[in-house]
Amino acid sequence: MDKKEINYGGYKMKTYKIAVIPGDGTGPEVIREGVKVLDAVSHRLGFKLDYTYYDFGGERYLRTGETLPDSAIEELKKFDAIYLGAIGHPQVKPGILEKGILLRIRFELDQYVNLRPVKLYPGVDCPLKDKKPEDIDFVVVRENTEGLYTGSGGFLKKGTPDEVAIQVSINTRKGVERCIRYAFEYCRKRNKNKKLTLCGKTNVLTFAFDLWERTFYEVAKEYPDITTDYAHVDAITMWFVKNPEWFDVIVTDNMFGDIITDLGAMIQGGMGIAAGGNINPEGVSMFEPIGGSAPKYTGKGVINPLAAICAAGMMLENLGEELAGKLIERAVMEVTSKHLKSLAAGKMGYSTAEVGDLVAKYVTELPLKLES
């Protein structure tokens, strides 16, 4: 995306246009803290963020009957990135908002990679015995626009004793290859262990994962510097718990990625710290905390905003402001190691706003020469 530049007395300040969708439940509360931190880091490093807010979510749906207006997708294409709080309302049937907003944005903006860092920060309680931050630091690259999430399938004789329900997993060579290629490139850029693991189920899903496996090893020939590995999804879940230090970057399909990233969130300390990106490398990407809207905590000021703040950091890195993203992450690590009693809602020892204040303070005060 081309970045608009504003001229201030001869100095051109880079400006990014950000669409903000606070969403439902505690979404607006965590987004408020994320914006607070974004403002702090952009002010310090000399770029500008131009926010446009949208009220897409449960309240709008209950009021108007629409999830996204017809103009929404074309409007969102004009932004440099989308910053999302949470989607999910207790008065709206599950699936309506998720399909009508989240999946529609992902599919129509072709955000074909779901990027999920799984990293244990210092001071955070891990449910795994004897595992420390150096043991849990990997990334899952999940295919985000195909698989079982396309909604392909149907019913036969619905509502009768002979009912048949069919759900079809759609996997195209183009979709699989571009996701795998992104994973190889990301693994190379990450430059940690330079190891990419394909997560699948080749012994049962003999059509879909035959395509995935063949494509994986064909693309691997172009990346001789990357070590390749394969593991069944059930083995992956076991090793996440037993030996998470084995992993560097993992690539997988939509459904398996959805499942293993929730397990990843738990071993990194819970949904309060887990951030994700829906990436279109050639277009507009969307960043969000991966936890839900947590309606029971709405308005109480006790929800953890760190996942939303980490998503803001991911967004800046994706926009090319890598120093800003790393500065936010380092500030979060200062807060987890020195301040928070817990990551759980209501148990942090601070309010939602106070946690945001702490991160913003560190963003302003930390030295700029950060370790990568």
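Here is a short chat about how to read the domains, salt bridges and a few single residues of this predicted model.

Visitor: I'm new to this one. Which domains does the domain assignment give?

Guide: Keep in mind that we're looking at a predicted model. The assignment gives domain 1 as 14–121 + 269–371, and domain 2 as 126–268. Look at how domain 1 is written in two stretches, with domain 2 numbered between them. The C-alpha centres of the two domains lie 24 Å apart.

Visitor: How many residues of each domain are in contact with the other?

Guide: On the domain 1 side there are 25 residues, and they are in contact with 28 residues of domain 2.

Visitor: How do people usually put a size on an interface?

Guide: The size is often given as the accessible area that is lost when the parts come together. In this structure, domain 1 and domain 2 bury about 2,400 Å² between them. Carbon and sulfur atoms account for 58% of that area. Three residues to find on the domain 1 side are Tyr112, Val118 and Leu120: they supply 30% of the area that domain 1 buries against domain 2, more than any other three residues.

Visitor: What about polar contacts across the interface, and which elements does domain 1 use there?

Guide: There are 15 residue pairs in polar contact across the interface of domain 1 and domain 2. The elements of domain 1 that give two or more residues to the touching side are helix 4 (96–108), strand 5 (113–119) and strand 12 (275–279). Strand 5 provides the largest share, with 7 residues. Sorted by kind, the residues on this side of domain 1 come out as 15 nonpolar, 5 polar and 5 charged.

Visitor: How many salt bridges are there between the two domains?

Guide: The count is 2. Now a single pair to look up: Arg178 forms a salt bridge with Asp110, and their closest N and O atoms are 2.7 Å apart.

Visitor: And how many salt bridges does the whole structure have?

Guide: A search of the whole structure finds 27. One of them joins the side chains of Arg60 and Asp55, at 2.5 Å from N to O. Try reading burial for each partner here. Arg60 has 15% relative accessibility, so it counts as buried, being under 20%. Asp55 is partly exposed, with a relative accessible area of 40%.

Visitor: Which parts does the salt bridge between Arg190 and Asp137 tie together?

Guide: To read a pair like that, find the element each partner sits in. The side chains of Arg190 and Asp137 meet at 3.4 Å, N to O. Arg190 lies in helix 5 (residues 173–190) and Asp137 in strand 6 (residues 137–143), so the pair ties together parts that are 53 residues apart in sequence. Arg190 is partly exposed at 22%, while Asp137 is buried at 18%.

Visitor: Where do Glu222 and Arg181 lie?

Guide: Their side chains meet in a salt bridge too, at 2.8 Å from N to O. Glu222 lies in the loop between helix 6 (208–220) and strand 10 (227–232), and Arg181 lies in helix 5, so this pair ties together parts that are 41 residues apart in sequence. Glu222 counts as partly exposed at 46% relative accessibility, and Arg181 counts as partly exposed at 24%. Salt bridges can also link up into a network, as Arg173, Glu177, Arg181, Glu218 and Glu222 do here.

Visitor: Is Gly175 buried or exposed?

Guide: Gly175, which is found in helix 5, has 1% relative accessibility, so it counts as buried. Leaving aside neighbours within four places in sequence, Gly175 is in contact with Glu143 and Glu146. It's also worth comparing sequence with space: Gly175 and Tyr112 are 63 residues apart in sequence, and 7.7 Å apart from C-alpha to C-alpha.

Visitor: Where is Thr26, and which residues does it touch?

Guide: Thr26 sits in the loop between strand 2 (11–23) and helix 1 (27–45). Thr26 counts as buried, at 2% relative accessibility. Not counting residues up to four places away in sequence, Thr26 touches Gly292, Ser293, Ala294, Tyr297, Thr298 and Ile303.

Visitor: Last one: which residue that is not a glycine has a positive phi of about 65 degrees?

Guide: That's Asp130. You'll find Asp130 in the loop between strand 5 and strand 6, and it is exposed, with a relative accessible area of 59%. Lys157 isn't a glycine either, and has a positive phi of about 55 degrees. Look for Lys157 in the loop between strand 7 (153–156) and strand 8 (164–167).

How values were computed:
Residues are numbered from 1 along each chain as its sequence is written. This is a predicted model: local features need pLDDT of at least 70, side-chain atom pairs count only at pLDDT 80 or more; totals for chains, interfaces and linings use all residues. Side-chain values use heavy atoms; hydrogens and water are left out. Domain bounds come from an automatic or database domain assignment. Contact means heavy atoms within 4.5 Å. Buried area is the accessible area (1.4 Å probe) that two parts lose on being put together, summed over both. A salt bridge is a side-chain nitrogen of Lys or Arg within 4 Å of a carboxyl oxygen of Asp or Glu. A polar contact is a pair of N or O atoms within 3.5 Å; within protein, one must be able to donate a hydrogen and the other to accept it, and residues adjacent in sequence count only if both atoms are side-chain atoms. Helices (H or I, at least four residues) and strands (E, at least two) are DSSP runs, numbered from the N terminus. Ala, Val, Leu, Ile, Met, Phe, Trp, Tyr, Cys and Pro count as nonpolar, Asp, Glu, Lys and Arg as charged, and the others, Gly among them, as polar. Buried means under 20% relative accessible area, exposed over 50%, partly exposed in between (1.4 Å probe, protein chains only).
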